[in-house]
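Colleague: I am new to reading protein models. Could you take me through one, feature by feature?

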Amino acid sequence: MRASLVDSSASVKVIEFAPNNWGLKLATVAADGVLRIYEALEVNNLSDWSMMEEIGITNPGTVNKEVDRNYSHSWCPWKSQVSPMIVVGCGKENCAMKPNPHNKWIPFEVLHGHDDVIHDVSWAPNMGRFWKVE
């Protein structure tokens, strides 16, 4: 084992590395309803990851068994994007997030129009559009 990410108070449900054009970053979503973004500041030392952001992604009171089993997220692979973006799905809620001018991650679009649980999210190749699977 190279590193342990111990910031979550609940089990990590999904983890994904960022595209390499954003540096050595990874994002996790845990059963506590929090998206955490980590960065390895020294690429030669993969045992040391710093948590850069911690963002609550569920509305208060929605962290339940349905949501607990259905987290997903995906980094935008589009290389011409000015800043990194992540689309996050959690139960019946999902949104796309990106950093604001002060480098704090914020939702910039909430995806409405579905009534069922979101099981997976992904980006369309080379278009910067996201998809959801219900």
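Modeller: We start with the whole chain, then turn to single residues, a pocket and the cores.

Modeller: This is a predicted model: local features need pLDDT of at least 70, side-chain atom pairs count only at pLDDT 80 or more, and totals for chains, interfaces and linings use all residues. Residues are numbered from 1 along each chain as its sequence is written, and side-chain values use heavy atoms, with hydrogens and water left out.

Colleague: How many helices and strands are in the protein?

Modeller: Helices (H or I, at least four residues) and strands (E, at least two) are DSSP runs, numbered from the N terminus. Here there are one helix and ten strands. Along the sequence the order is β-β-β-β-α-β-β-β-β-β-β.

Colleague: What share of the residues is buried?

Modeller: Buried means under 20% relative accessible area, exposed means over 50%, and partly exposed lies in between (1.4 Å probe, protein chains only). Of the 134 residues in the protein, 43% are buried.

Colleague: What supplies the area that the protein exposes?

Modeller: Accessible areas come from the Shrake-Rupley method with a 1.4 Å probe; for residues, only the protein chains shown count as cover. The protein exposes about 7800 Å². Carbon and sulfur atoms supply 51% of that area.

Colleague: How do I read contacts?

Modeller: Contact means heavy atoms within 4.5 Å. Take the contacts in the protein with a separation of 6 or more: residues 24 or more positions apart account for 40% of them.

Colleague: Let us try single residues. Where does I37 lie, and is I37 buried or exposed?

Modeller: I37 lies in strand β3. I37 counts as buried because its relative accessibility is 3%. Beyond its neighbours within four places in sequence, I37 is in contact with ten residues' worth of names you can look up, including L26, M52, W75 and W105.

Colleague: Which residue can I pair with I37 to compare sequence and space?

Modeller: Try E53. I37 and E53 are 16 residues apart along the chain, yet their C-alpha atoms are separated by 5.1 Å. E53 lies in strand β4. E53 counts as buried because its relative accessibility is 12%. Leaving out residues up to four places away, E53 touches L35, R36, I37, N103, K104 and W105.

Colleague: And M51, is that residue buried or partly exposed?

Modeller: M51 counts as partly exposed because its relative accessibility is 32%. M51 lies in strand β4, residues 50–56. M51 touches D7, R36, I37 and Y38, not counting residues up to four places away. The C-alpha atoms of M51 and Y38 are separated by 4.3 Å, with their positions 13 residues apart along the chain.Colleague: What about the loop between β3 and β4, where W49 is placed?

Modeller: W49 counts as buried because its relative accessible area is 15%. Leaving aside neighbours within four places in sequence, the contacts of W49 include A3, F17, L26 and Y38. From C-alpha to C-alpha, W49 and Y38 are 6.0 Å apart, and in sequence they are eleven residues apart. L41 is also found in the loop between β3 and β4. L41 counts as exposed because its relative accessibility is 57%. Setting aside neighbours within four places, L41 is in contact with D48 and S50.

Colleague: Now pockets. Which residues line the largest pocket?

Modeller: The search uses a 1 Å grid over the protein atoms alone; a pocket is an open set of points where a 1.4 Å probe fits, with protein on both sides within 12 Å along at least five of seven lines, and lining residues have an atom within 4 Å of a point. The lining is K25, I37, E39, M52, E53, P84, P99, N103 and W105. The elements giving two or more residues to this lining are β3 (34–39) and β4.

Colleague: What is the volume of the largest pocket?

Modeller: Grid points are joined across faces, edges and corners, and a volume is the space filled by probe spheres set on the points. For the largest pocket that gives about 160 Å³.

Colleague: Last, how do I read a nonpolar core?

Modeller: A nonpolar core is a set of buried Ala, Val, Leu, Ile, Met, Phe, Trp, Tyr and Cys residues joined through side-chain atoms within 4.5 Å. The largest one has 16 residues, and L35, I37, I57 and I86 have the most contacts inside it. Strands β2 (25–30), β3, β5 (71–75) and β6 (86–90) each give two or more residues to this core. The largest share, three residues, comes from β6. Another core lies apart from it, with six residues, among them V87, I118, V121 and W123.
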